[in-house]
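Reader: I have a structure open and want to go through its sheet, its ligand shell and one of its helices. Can you take my questions in turn?
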Amino acid sequence: MTDKTTDMAQREKELKELEAEVLQCRKCALAETRNQLVFGEGDPHAEILFIGEGPGYYEDQQGHPFVGKSGQLLDRILEVCGFSRQQHIFIGNIVKCRPPDNRAPTPEERAACLPWLYKQIDLIDPKIIILLGATALNGLIDPKLRITKIRGQWIAWQGRLVMPTYHPAALLRNPGMKKDAWEDFQQVVAKFREIVDPDHHSDFC
Ligand code: SF4
């Protein structure tokens, strides 16, 4: 095996070990009400990491991220961009257990869960991070930033490029925001071509 293959296999192993550890987590009150913890999933060597808010009803039932209507919209966006969950991206959330009644996670819950996300970022080592919505933006970058003001602007964060954009659930509630989101994803495709794969094919740009 080449050094690169060995390194990739080691990272996959460590991500699996991390998942086993996280599945036991009871560091915050959300452990009391969850049905299933949602670790996140996708390509363990993804160049793009998507981060959402937290599991909703269907994610909590099934243990997978973005499986409801928001997930269907996200899959459509991925398809048009030429990305797939298996090959290019990994999807996680700011908190890994569902907040009751789909409320936003509290600052305490976010703080308890963030160390797990940092470990995932270290292991997956993505070049691009896409933050879906205000909770992801405030949880990872800065609690004071407004998604409506900063979406569509690249942020340099710990050697990676971060693109904040709207959460698919917000796009479903407010279809008028889709135009901005498409512009953001055009930038993501362009950046992916620039720093990962110049021959990347997408249907819309
Ligand atoms: S939300 Fe995060 S910190 Fe809280 S119990 Fe679940 S995995 Fe642990």
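Author: What follows goes through the sheet, then the ligand, then helix 5, and the model is a predicted one.

Reader: What is the strand order in the sheet of six strands?

Author: The order is 1-3-2-4-6-5. The sheet is open, and its pairing is mixed.

Reader: Which strands stand at the edges?

Author: Strand 1 (41-42) and strand 5 (155-157) do. Each has a single partner strand, so one side of each is left without a neighbour in the sheet.

Reader: How do strand 5 and strand 6 run, and how many bridges join them?

Author: They run antiparallel, joined by three bridges, with strand 6 covering residues 160-165. Trp157 has Arg160 as its bridge partner, and Ala156 stands opposite Leu161.

Reader: How many residues lie between the strands in that hairpin?

Author: Two residues lie between strand 5 and strand 6, and Gln158 in this hairpin takes a positive phi near 50°.

Reader: And strand 4 with strand 6, parallel or antiparallel?

Author: Parallel, over five bridges, with strand 4 made of residues 128-132. Ile130 is paired there with Met163 of strand 6. On the strand 2 side, Ile130 of strand 4 stands opposite Phe50.

Reader: How many bridges join strand 2 to strand 4?

Author: Four, and these two strands run parallel. Strand 2 also pairs in the parallel sense with strand 3, over five bridges. In that pairing, Ile48 has Ile89 of strand 3 as its bridge partner.

Reader: How many residues of strand 2 are buried?

Author: Five of its five residues, so to speak of strand 2 as mostly covered is fair by the 20-neighbour cut-off within 10 Å.

Reader: Which residues of strand 2 point one way and which the other way?

Author: Ile48, Phe50 and Gly52 point one way, while Leu49 and Ile51 point the other way. In a regular strand, side chains alternate between the two faces of the sheet.

Reader: Switching to the ligand. Which residues come nearest?

Author: Cys25, Cys28, Ala31, Cys97 and Cys113, out of 15 residues around the ligand.

Reader: What is the shell like by class?

Author: Eleven residues are nonpolar, four are charged and none is polar.

Reader: Which element gives the largest share of that shell?

Author: Helix 5, with four residues. Helix 2 (30-33) and helix 5 (107-124) each supply at least two.

Reader: Stay on helix 5, then. What does it span?

Author: From first C-alpha to last, its 18 residues reach 25 Å, close to the 26 Å expected at 1.5 Å a residue.

Reader: Where is the kink in helix 5?

Author: At Cys113, shortly before the proline Pro115, and the kink is about 35°. Cys113 is also among the residues that come nearest to the ligand.

Reader: Which residues of helix 5 are buried?

Author: Glu109, Arg110, Ala112, Cys113, Trp116, Leu117, Gln120 and Ile124.

Reader: What covers them?

Author: The cover includes helix 1 (3-22), helix 2, strand 2 (48-52), strand 3 (89-93) and helix 6 (134-140).

Reader: Last one. Which residue follows helix 5?

Author: Asp125, with a positive phi near 55°.

Notes:
Residues numbered from 1 in each chain as written. Predicted model: local features only at pLDDT ≥ 70, side-chain atom pairs only at ≥ 80, totals over all residues. Pairing = 2+ DSSP bridges. Near = placed C-beta within 6 Å. Nonpolar A, V, L, I, M, F, W, Y, C, P; charged D, E, K, R; others polar. Expected span 1.5 Å × (residues − 1). Bend = angle between axes of the 7 residues up to and from the residue. Buried ≥ 20, exposed ≤ 12 C-beta atoms within 10 Å, placed from the backbone. Contact = placed C-beta atoms within 7 Å.
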